[in-house]
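Work through the exercises below with the structure open. Try each task before you read its solution.

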Amino acid sequence: MSFITRGFTGRRRDPDDRLPPGQTLVHDFPVLSAGPTPQIATDDWEFTIRSAAGERRWTWDEFQRLDIEDVVVDIHCVTHWSKLGTHWRGVSIDTLLADVDTSDEYAMAHSYGGYTTNVPLEDLRGGKAWIAFEFEGEPLDPEHGGPARLLVPHLYFWKSAKWIRGLELLPADEPGFWEQNGYHLHGDPWKEERYW
Ligand SMILES: Nc1nc2c(c(=O)[nH]1)N[C@H]1C(S)=C(S)[C@@H](COP(=O)(O)O)O[C@H]1N2
Ligand SMILES: [Mo]
C-alpha cells in the first residue's frame, strides 16, 4: 500500500497558498448532484476501461484486490468552495491503465445515472487520479458518489465523477455533461478555467 500526499510541500504549505484564486474554505462537505443519487450495490458495481482496441472490466471484489492507496488531497469546486487535506482510499488510474495498451490521449468518464465528464489521459496518469471508495476512513456515502467515484483533485471537482462505472478512451477531446453546458473543457482551478 502506498501513501500519497499532495499540496503539503513547497510553497503551498500555508493554507492561504493552497487556496486557488476565487476559492473559499469550507469545513462541511457540500453535495452537488445534477440528478438523483443512484443506489448501486457493490455486488452489481463494475468498472470498465473501454477503447477501440477492446475492454478491461473489474468487479468490486477484483477491484479490492488491486493496489490500494491512501490519498490526502485538497479539493476545489467551481462554485468557489475548497476543502484542504481530505483523506481518501482508492486505486490509482495508473494501476488500472497498467495493462491497457492505447494511443488515445483523452478519456470520457461515465457514471451510473448518465453523468459524463471529459479528462485528458495526461491528467489521469502520473499519480494524479484515483477511483476512490473511502472518504475520511468510511465507505464513500452514496450522495458523495459511493460505492466509488473518480477523484481528480488537481482539476475542479466536477471532473471527479460520482458513481463511476468506467472510462472510455478517445483519440480526441469531447465535452462531457457540464462541459456541454458551458464549463471549461479542462478545469484547472489554479488557472481559473471555470467556463468557456
Ligand atoms: N455522477 C455525477 N458526478 C458528479 C456530479 C454529478 O452531478 N453527477 N457533480 C459534479 C460536481 S459539479 C461536483 S462539484 C462534485 C460534487 O461532489 P460532492 O457532491 O461529493 O461534493 O461532483 C461532481 N461529480
Ligand atoms: Mo461543481
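**Exercise 1.** How many nonpolar, polar and charged residues does the shell around ligand 1 have?

Solution. Note that this is a predicted model. Start with the neighbours: 19 residues surround ligand 1. The closest are Pro30, Ala34, His144, Arg149 and Lys162. Now sort the shell by class. It has 13 nonpolar, four polar and two charged residues.

**Exercise 2.** Find which polar atoms lie 2.6 Å from an oxygen atom of ligand 1, then look at Ser111.

Solution. Use a cut-off of 3.5 Å between N or O atoms. Step one: go to Pro30. A polar atom of its backbone is 2.6 Å from an oxygen atom of ligand 1. Step two: go to Lys162. Here a polar side-chain atom lies 2.6 Å from an oxygen atom of the ligand. Step three: check Ser111. An N or O atom in its side chain is 3.4 Å from a nitrogen atom of ligand 1. Step four: consider the surface. Taken alone, ligand 1 exposes 530 Å², and the protein buries 97% of that.

**Exercise 3.** Where does ligand 1 sit?

Solution. Ligand 1 sits in the largest pocket.

**Exercise 4.** Which parts does the salt bridge of Arg18 and Asp74 tie together?

Solution. Begin with the principle: side chains of opposite charge can pair when their charged atoms come close. Next, the pair itself. The side chains of Arg18 and Asp74 meet in a salt bridge at 2.7 Å, N to O. Then place each residue. Arg18 lies in the loop between β1 (2-5) and β2 (24-25), and Asp74 in strand β5 (residues 68-76), so the pair ties together parts that are 56 residues apart in sequence. Finally, the total: the count comes to nine salt bridges.

How values were computed
Residues numbered from 1 in each chain as written. Chains lettered and ligands numbered in written order. Predicted model: local features only at pLDDT ≥ 70, side-chain atom pairs only at ≥ 80, totals over all residues. Heavy atoms only, no water. Near = heavy atom within 4 Å. Polar contact = N/O pair within 3.5 Å; in protein donor to acceptor, adjacent residues only side chain to side chain. Areas by Shrake-Rupley, 256 points an atom, 1.4 Å probe, with all protein chains shown as cover. 1 Å grid on protein atoms, 1.4 Å probe; cavity = no way out; pocket = protein on both sides within 12 Å on 5 of 7 lines; lining within 4 Å. Sits in = over half its atoms within 2 Å of the grid points. Nonpolar A, V, L, I, M, F, W, Y, C, P; charged D, E, K, R; others polar. Salt bridge = Lys/Arg side-chain N within 4 Å of Asp/Glu carboxyl O. Helix = DSSP H or I, 4+ residues; strand = E, 2+ residues; numbered from the N terminus.
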